[in-house]
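I opened this one up to poke around and jot down what I found. Here are my notes, in the order I made them.

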Amino acid sequence: MLLRQGWHIFQKDLLLEWHSKQVISSMLTFSVLVVVVFAFAFPPSRGITEAVFPGMIWVAFTFAGVLGLNRAFVSEKHQDCLMGLLLAPCDPVSIYIGKTLGTFFLMVVMEIISLPLFLVFFDYRIVGSVGLLVLIIFLGTLGFATVGTLLGALAANTRSSEILLPLILFPIVVPILIASVKATGLILTGSGQVEQLVTWIRLLVVYDLIFLIAPLLLFEYVLEV
Amino acid sequence: MLKILSLLIKPSSGKLLIDGAAAGDLNRKIKGKIGVISHNTFLYDNLSAYENLQFYGKLYQVAHLKSRIQEVLSQVGLNYVLHDPVRTFSRGMQQRLSIARAILHEPAILFLDEPYTGLDQNAIEILNSVLTRLTDSNRTIFMVTHNYEQGLELSNRVLILVKGRIAYATKTEGITSEGFKKLYRQHVGGGQ
């Protein structure tokens, strides 16, 4: 029931995005701009690219993700649609599930398009496992979307939510950013440091689990703020 | 008060009984019996009339959704703009679609908060006909309005609230608009 209602909200958000294309276009524009700026900023030597590449892609992913998070609840503020959702016979947690799925989906679309661009612009060849890289990006994005949606709902009730959200979000997602950047670096260079990689993946999994469960208990109160 | 009655917020004291059931644990079940029309429409501008109703119909688990959508849209006279985005609608059309949204799941209780705000004459007539139809089918309608004429015409009981408390309650039979205006001023302290 909870998942079905969340799925309906996710479908509605996708349909809204399909009609307007506001969020995905701004996310893609931002990530492409990051690629271009960094491509000009760093000399194209192999050593420098290897050192900064993991950080660059996560800067693009997370900052573009914030644009998506900011919009997730803004569409519900117009005409008091959030109240319409709360009046319906569904658990408030289903709103959280729908919004998290929406943010996660849009971020994944943006990542699928911008990651190959990063590789082309920097003439970078992935040495390590592509499957592991996909896993890290999946876990990092999921963690970012779960925390971001919870805080997005909290910030949505404030006047300057678009300024507030990044300020409260980034200190909390620091562990996931560090783990994602470090794990991505280890995979891209194919350094073979399996133990370190497993440690970062564990951190990502635990973080994701905590922030998948915590909002199920907290989200109803977040909406009351 | 409407937020408490429609189970959006919990009362700080007292007990809320809706359709004989105490609100609380049964909130989700009771919410399915409630419809709300407010001056905000709860509609998504970038979705069409059909897509908006389809979304709310799924949330309320309305049976035979497609035919029900056609039915409510014809009741509010919006069949001809079924697939047009709501952002292209006039204020009156949006409010009529909001009425369709609120009655889509055939609620036992309908709450209306200043529903006449910004409505054109045609939309007022449609709203009144929908309300009359609902009253005839034994449903409770609770309307908050400052439009005395419309309120008295449609209701069989009136309440005057002052600072959250019922200051006056009576049946509407025999009360004129002018007489009620005087009663209202007396109770809210607005002079003679």
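**Loops, contact, domains**

I began in chain A, where Lys21 sits in the loop between helix H1 (2–20) and helix H2 (22–41). I keep in mind that this is a predicted model.

I looked up the backbone there: A:Lys21 isn't a glycine, yet its phi is positive, about 55°. That caught my eye because most residues other than glycine have a negative phi.

Is A:Lys21 buried or exposed? I found 11 other C-beta atoms within 10 Å, so A:Lys21 is exposed, given that 12 or fewer counts as exposed.

Next I went to chain B and found B:His64 in the loop between H3 and helix H4 (65–75). B:His64 is another non-glycine residue with a positive phi, near 45°. I checked its surroundings too: B:His64 has 9 other C-beta atoms within 10 Å, so it is exposed.

Then I turned to where the chains touch. How many residues does the contact take from each chain? I noted 21 residues from chain B and 19 residues from chain A. On the chain B side, helix H2 (27–31) and helix H3 (49–59) each supply at least two residues. H3(B) gives the largest share of that side, 4 residues. I also sorted the chain B side by type and got 9 nonpolar, 6 polar and 6 charged residues.

Last, I looked up the domains of chain B: domain 1 covers 33–145 and domain 2 covers 156–192. How far apart are the C-alpha centres of these two domains of chain B? I wrote down 29 Å.

Terms used: Residues numbered from 1 in each chain as written. Chains lettered and ligands numbered in written order. Predicted model: local features only at pLDDT ≥ 70, side-chain atom pairs only at ≥ 80, totals over all residues. Contact = placed C-beta atoms within 7 Å. Nonpolar A, V, L, I, M, F, W, Y, C, P; charged D, E, K, R; others polar. Domains from an automatic or database assignment. Buried ≥ 20, exposed ≤ 12 C-beta atoms within 10 Å, placed from the backbone.
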